[in-house]
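I opened a new notebook page for this model. My plan was to follow the strands and their pairing.

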Amino acid sequence: SKAVTANGDQWNEYFEVTGIEDCGFVVEVQIFNRWGALIYESNDYQNDWNGVAHSNSVGASNKVPTGTYYYIVKLRNSGLKPFSGPIYVGTK
């Protein structure tokens with residue numbers, strides 16, 4: 001997914017890494033804000049990030065502010081290089 005709009009409408013509620021469900025890879029995800037600060041990290045990602053920030057991040061009701069963020073996804077035991085890109089998060 002390239003956009004997360006965690007507003008309860010059942011569409012684009014979570015950042016999802018798809019197409020690898022039956023491959024047996026362990027998915028590692030890091031999400032950074034525009035200043036390069038790590039705001040989310042998971043070593044066994046389960047497609048469950050919806051804009052919630054670590055306690056050291058800025059945001060109302062523990063959600064990150066609306067804006068563009070950057071992700072790095074590593075597929076452990078895949079032999080593939082990590083991939084990355086921008087993701088838009090709308091939390092209002």
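I began at a hairpin: S4 and S5 form it, with 6 residues between them. Asn77 lies in the turn and has a positive phi of about 70°. I noted my terms: strands are DSSP runs of E of at least two residues, numbered from the N terminus. Two strands pair if DSSP finds at least two bridges between them.

The model is predicted, so I kept the rules at hand: local features need pLDDT of at least 70, side-chain atom pairs count only at pLDDT 80 or more, and totals for chains, interfaces and linings use all residues. Residues are numbered from 1 along each chain as its sequence is written, and side-chain values use heavy atoms, with hydrogens and water left out.

Next I looked up the bridges of the hairpin. S4 and S5 run antiparallel and are joined by 7 bridges. Tyr69 has Ile87 in S5 as its bridge partner.

I then turned to S2, residues 26-32. It runs antiparallel to S4, residues 67-76, and 7 bridges join the two. Val29 stands opposite Val73 in S4.

S1 was my next stop. It pairs with S5, residues 83-90, in the parallel sense over 3 bridges. Thr5 has Gly90 in S5 as its bridge partner.

How are the 5 strands ordered in the sheet? I read S1-S5-S4-S2-S3, an open sheet with mixed pairing. S1 (3-5) and S3 (38-42) stand at the edges with a single partner strand each, so one side of each has no neighbour in the sheet. Neighbouring strands here are turned by 25° against each other on average, direction ignored. For that angle, axes are lines fitted to C-alpha atoms, and angles run from 0 to 180 degrees between N-to-C directions.

Note on methods
Helix = DSSP H or I, 4+ residues; strand = E, 2+ residues; numbered from the N terminus.
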